[in-house]
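Trainee: I have a model open and would like to go through how its residues pack. Where shall we begin?

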Amino acid sequence: MTYKTVLLHIDDSAGRAARIDAAASIAQACGGHLTGVALTGVSRLLYQNQPDLDADPNLSLHLNFLRERATRALDGFEAQVRAAGVASFEQRVLDDEAAGGISLLARYADLVVISQYNASDKSPSVMRDFPAYVLLHSGRPVLIVPYAPPLPRLAPPAAARNVLISWNASKEASRAVSAALPLLQRAGQVHVAIFDAQVHAAEHGEQPGAELTHYLARHGVEARLHLLDGGGVRRGDIGEALLSQAADLSADLLVMGAYGHSRLRETILGGVTRTILQSMTIPVLMAH
């Protein structure tokens, strides 16, 4: 498989350039089409229920302001993707709120690229739960770019040197690994981390990780296995341990399943996905 259509969310947040760079690197490497979409924030459902919104002068003035803001967010997009060597691309302004609009368009893409939520952004155009919503409702793998990447600057995802896979033998992790194959096949090194394999012994089998490394090898990916002791800590702390392992390995991309438990449970009790979304410092490819 490969990524023939990459969908990129664009807004005026500080992480825009890094997000465009990440998406462009993947589209260029895969010979894919890149679609950059800026959204006004006005739900499509509102237009369906009140199709004459533009007839109200005051409302029309506000809608025009939102459309102009979305259009400005696209400034520089074309120049940046051309410089990255992307041959096929387009840009759109869409009347919809960000989470619902991107999730709907994602159904016609192979990969979605968004940013980690940044609470300190002075002009936020997305809600706090934007990444979680897209993960749960798009039906597609999602590459999330951190708003504060470490220095020195990481290689773009398509040129990742060290990729870390978080493996717990879940269907979500399986989907993430399958979706990440185009990037894993280009990586210099691939590592597989399994925490507390004995906790899910039935899923992992007699040799935890062995079936996964065989699967990857058939796709031309040689992976090194790391069996790690989580020490019986809470799932949220496993997320911290995973980020620590990524730092120890100098990983520049993390691949993992998202929301193996319900989002409500993770919100109340904590969980790996929630921890990663809050504390990530490298791009993360997730699938639900």
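Trainee: How many of the eight residues of H5 are buried?

Mentor: Keep in mind that this is a predicted model. Buried means under 20% relative accessible area. H5 is mostly covered by that cut-off, and the count of buried residues is seven.

Trainee: Is Ser103 buried or exposed?

Mentor: Ser103 is found in helix H5, residues 98-105. The cut-off for buried is under 20% relative accessible area. Ser103 has 2%, so the residue is buried.

Trainee: Which residues is Ser103 in contact with, leaving aside neighbours within four places in sequence?

Mentor: Contact takes heavy atoms within 4.5 Å. Set aside the sequence neighbours within four places, and the partners of Ser103 are Tyr133, Val134, His137 and Ser138.

Trainee: Which residue caps the N-terminal end of H5?

Mentor: Look at the backbone nitrogen of Ala99. A side-chain oxygen lies 3.1 Å from that nitrogen. The cut-off for a polar contact is 3.5 Å. The oxygen belongs to Glu97.

Trainee: Which helix gives the largest share of the largest nonpolar core?

Mentor: That core has 50 residues, with Ile165 and Leu184 among those with the most contacts inside it. Ile165 is in contact with Leu184, and also with Val177, among others. The largest share of the core is eight residues, and they come from helix H7.

Trainee: How many residues are in the second, separate core?

Mentor: Its members include Leu39, Leu154 and Val272. Ile102 also belongs to this core, and Ile102 is one of the buried residues in H5. The size of the second core is 39 residues.

How values were computed: Residues are numbered from 1 along each chain as its sequence is written. This is a predicted model: local features need pLDDT of at least 70, side-chain atom pairs count only at pLDDT 80 or more; totals for chains, interfaces and linings use all residues. Side-chain values use heavy atoms; hydrogens and water are left out. A nonpolar core is a set of buried Ala, Val, Leu, Ile, Met, Phe, Trp, Tyr and Cys residues joined through side-chain atoms within 4.5 Å. Buried means under 20% relative accessible area, exposed over 50%, partly exposed in between (1.4 Å probe, protein chains only). Helices (H or I, at least four residues) and strands (E, at least two) are DSSP runs, numbered from the N terminus. A polar contact is a pair of N or O atoms within 3.5 Å; within protein, one must be able to donate a hydrogen and the other to accept it, and residues adjacent in sequence count only if both atoms are side-chain atoms.
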